[in-house]
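The exercises that follow ask you to read a protein model step by step. Work through each task with the structure open beside you, and compare your reasoning with the solution only afterwards.

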Amino acid sequence: MDTPSTLEESRVAGFLPYDSETSMMKNVIGALPSTSDDQVQFNIVLRRQRTRTSGKPKFKVVPSRFLNLSDDFEFAGWGTIFRIALSREDLSHGHNALLELRNQRVLGQFAASALAANDILGGVFYTIPAVFAISGVYSPLSMFVATLTLYLWRPIMEELGSALPISGAPYTYLLNGSTKAVALVGAALLLLDFAATAVVSAATASSYLAGEVTLPFPLYIGALLVFVLFTAVGLLGLRESARIASGVLAFHLLTVLVLAIASIVAWASVGAFQLRENWVAGQAGLSSPASILKQVFNGVCIGMLGMTGFECAPAYAAKMRPGTYPKVLRNLHISAMILNPTMMLFVLALLPLNVQTQANVLSLLAQKVAGRWLRIWVVTDAVIVLCAGVLTGITSACELLAELANDHVLPCTFLAALPYTKALYVSILSFVGFSGAIYASTGANLVVVSKMFSVVWLAVMTLFPLSLVLLRFSRPRLPRVSRCSLSCVVGAVLVAVAVSVGNIAIDPTIAGWFALYFLVLLLFFSITDNKVAILRWAYWVYDQVPLLHRLRPTRNWGGSLIHAMKRLKRQEVCLLVRTDSINQLFNMILYVQHNEETSCLKIVHFHEGTVPSEMEANAKILDEAFPEITIDLMLVEGDFNPQTVAALAYRLEIPTSLMFMCCPGPKFPYAVADFGTRVISL
């Protein structure tokens with residue numbers, strides 16, 4: 001018996017059929033030429049493969065779970081091997097796609113800071129009275145300690161941003177460092193955080209205005225009007241939204257500067273009498289250092305609410321110019337650390353204790369230090385900057401929803417954009433509707449949403465150190481500019497856990513509201529990401545009731561379910577591979593099987609004339625090992641770079657978000673963000 005010595009001869013000669021493999025294995029081994037052990041094993045591998053029939057499903061040796069109906073839909077057809085060369089049109093489109101991706105990085109340092117800063121600095125309007133109600137005269141200290149904790153998160157977020165400068169973080173960090181199921185937990189927390197940001201900002205703006213003037217409508221109507229207004233702003237697009245946010249931030253900083261100067265002048269005029277009186281009154285009931293520490297700690301727990309907005313910056317990191325992201329984090333942190341405790345100190349020194357817990361306390365401070373004109377100015381600024389917090393939530397949520405749509409968790413309609421502004425109008429309208437539903441479900445109760453907001457924010461901030469741990473463990477070779485110490489990671493997790501426990505201890509109902517909304521969102525994402533599995537269960541139930549197969553109204557349900565499952569699994573996925581190692585290829589395919597609902601997989605290898613010797617043979621073995629997936633091998637002529645990957649995506653009509661690659665090493669010459677692909681293995 002002659003043994004083919006090359007892949008081409010093997011393809012012509014055919015392969016041993018499955019039922020003759022065992023009986024002829026000894027003959028095959030005996031007939032092999034006297035070559036090296038590697039060549040002997042390779043020839044055995046070639047003869048091991050099945051005979052393939054084009055268009056026919058693969059063999060099945062596993063008993064069916066369906067007793068009465070066919071399970072042929074579970075098995076895909078045999079894969080094929082392609083050799084392709086990218087055309088000039090493909091390469092031109094790849095070049096344009098890469099330029100378009102890079103041209104999206106339009107946000108400079110101030111504009112990028114403004115989108116999140118309006119939230120983090122606007123939080124002072126609702127944080128100050130809440131902290132004073134808990135921490136009393138120690139409120140400035142509690143707020144200052146709360147701002148110091150961001151020193152733990154900044155290096156963590158900088159390292160993550162340098163390793164994966166992509167939008168939708170920390171969902172995208174978890175997606176590249178772990179499984180899709182884990183990433184969807186992060187997505188649920190993020191979306192809930194963005195919605196709470198928008199709701200609290202809109203409702204607080206309405207209530208702040210109602211504290212100064214008599215509104216002709218209820219507070220919830222005012223909040224809805226804010227949503228309508230900033231939905232329109234969001235539809236103008238990211239660039240225009242950033243410009244508006246920059247203008248709002250400039251006005252807010254001017255307001256704070258004027259208020260600070262007026263407060264310093266007033267403090268110098270009246271002296272420390274009010275401060276001493278407040279201090280003496282605030283010490284009542286604090287009989288021991290332990291009680292003082294408890295009051296300070298509780299104030300820190302509530303004061304962390306004043307840091308909300310810091311987590312929004314990574315959500316649109318891909319839209320920032322190179323080198324901007326660390327500066328944005330620095331700007332947000334320093335501004336919060338200076339302005340928030342300073343405003344609290346002025347309130348403590350110039351207003352009596354019974355006033356400090358009122359919702360419009362900063363406008364009362366303005367009235368005290370400068371008169372009616374400054375109070376009107378501060379109220380105007382409060383309404384504007386709090387409304388801008390709604391814009392922060394909308395902008396961040398749109399980036400997240402776009403990433404979820406690219407990953408086929410949500411329908412592709414969420415990527416629909418307006419022709420001129422390129423704003424994702426479906427995502428914007430859906431997010432605003434979801435935020436409105438949260439507000440309505442609480443009975444338009446701002447207190448409930450605010451309490452839930454504090455725990456959601458802490459949960460989101462916990463995702464950053466956890467994401468970094470997963471990324472270091474699972475993708476240790478991923479290039480990054482900065483690297484933080486492990487003590488920062490441990491410290492951030494401990495602080496987040498301690499503050500979360502502290503908030504829940506202050507009001508245990510917080511945990512209930514948080515769990516309710518989080519589980520609803522997580523259930524929704526689980527359903528949208530497991531559509532085929534749910535339909536398979538429905539098909540199984542239909543199979544178990546034979547009566548339904550005979551009744552006229554239900555006899556076609558089985559065919560409809562099969563058609564729906566096949567349609568959902570039709571989306572192709574690509575694996576961009578460098579090596580022919582069967583172990584690595586197997587693990588990558590296993591990842592796809594567990595995380596993506598597809599029956600069409602393409603193993604893609606870019607080459608410049610030389611193909612790894614076992615690439616074709618291993619692809620055929622893997623095609624046999626996964627009967628529910630059609631595994632094609634594509635050998636693409638050309639260098640592996642962002643342009644050729646984008647060109648291939650255009651050629652195959654597969655989005656780069658459904659192209660997966662191994663973790664690049666430190667000497668990899670290209671930025672991972674330029675590929676738009678997912679990193680799924682070491």
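**Exercise 1: A pair of rings**

Both Phe66 and Tyr539 are buried, where buried means under 20% relative accessible area, exposed means over 50% and partly exposed lies in between (1.4 Å probe, protein chains only). This is a predicted model, in which local features need pLDDT of at least 70 and side-chain atom pairs count only at pLDDT 80 or more, while totals for chains, interfaces and linings use all residues. Residues are numbered from 1 along each chain as its sequence is written, and side-chain values use heavy atoms, with hydrogens and water left out.

Task: Determine how the rings of Phe66 and Tyr539 are arranged.

Solution. Begin with the rule: rings of Phe, Tyr and Trp (its six-membered ring) pair if their centres lie within 6.5 Å, and planes under 30 degrees apart count as stacked, over 60 as edge-to-face and the rest as tilted. By this rule there are 21 aromatic pairs. For Phe66 and Tyr539 the ring centres are 4.8 Å apart and the planes stand at 80 degrees, so the pair is edge-to-face. Next, locate the partners, remembering that helices (H or I, at least four residues) and strands (E, at least two) are DSSP runs numbered from the N terminus. Phe66 lies in the loop between helix H3 (37-48) and strand S1 (81-85), whereas Tyr539 lies in helix H22 (residues 531-543), so the pair ties together parts that are 473 residues apart in sequence. Elsewhere, Phe606, Phe640, Phe668, Tyr670 and Phe675 form one aromatic cluster.

**Exercise 2: Salt bridges across the sequence**

Task: Find which parts of the chain are tied together by the salt bridge of Asp90 and Arg651, and which residues form one network through shared salt-bridge partners.

Solution. Side chains of opposite charge can pair when their charged atoms come close. The rule used here asks for a side-chain nitrogen of Lys or Arg within 4 Å of a carboxyl oxygen of Asp or Glu, and by it the count comes to 14 salt bridges.

- In the first step, take Asp90 and Arg651, whose side chains meet at 3.1 Å, N to O. Asp90 lies in helix H4 (residues 88-103) and Arg651 in helix H27 (residues 642-652), so the bridge ties together parts that are 561 residues apart in sequence. Asp90 is buried, with a relative accessible area of 4%, whereas Arg651 counts as partly exposed at 36% relative accessibility.
- In the second step, take Lys180 and Asp529, which form a salt bridge at 3.2 Å, N to O. Lys180 belongs to helix H10 (residues 180-210) and Asp529 to helix H21 (residues 509-529), so parts that are 349 residues apart in sequence are tied together. Lys180 is buried at 1% relative accessible area, and Asp529 is buried at 12%.
- In the third step, take Glu596 and Arg678, which form a salt bridge at 2.9 Å, N to O. Both Glu596 and Arg678 are buried. Finally, salt bridges that share partners join Lys180, Asp407, Asp529, Glu596 and Arg678 into one network.

**Exercise 3: Two helices side by side**

Task: Decide whether helix H7 is roughly parallel or roughly antiparallel to helix H8, and name the residues that make the contact.

Solution. Axes are lines fitted to C-alpha atoms, for helices over the stretch in contact, and angles run from 0 to 180 degrees between N-to-C directions. Helix H7 (residues 139-148) packs against helix H8 (residues 150-163) at an angle of about 20 degrees, with the axes 5 Å apart. Angles under 35 degrees count as roughly parallel, over 145 as roughly antiparallel, 65 to 115 as roughly perpendicular and the rest as oblique, so H7 is roughly parallel to H8. Contact means heavy atoms within 4.5 Å, and here Ala146, Thr147 and Leu148 of H7 meet Leu150, Tyr151 and Leu152 of H8.

**Exercise 4: One residue and its surroundings**

Task: Describe where Phe514 is found and which residues are in contact with Phe514.

Solution. Phe514 is found in helix H21, and Phe514 is buried, with a relative accessible area of 17%. Leaving aside neighbours within four places in sequence, Phe514 is in contact with Leu189, Leu192, Met452, Val455, Val456 and Ala459.
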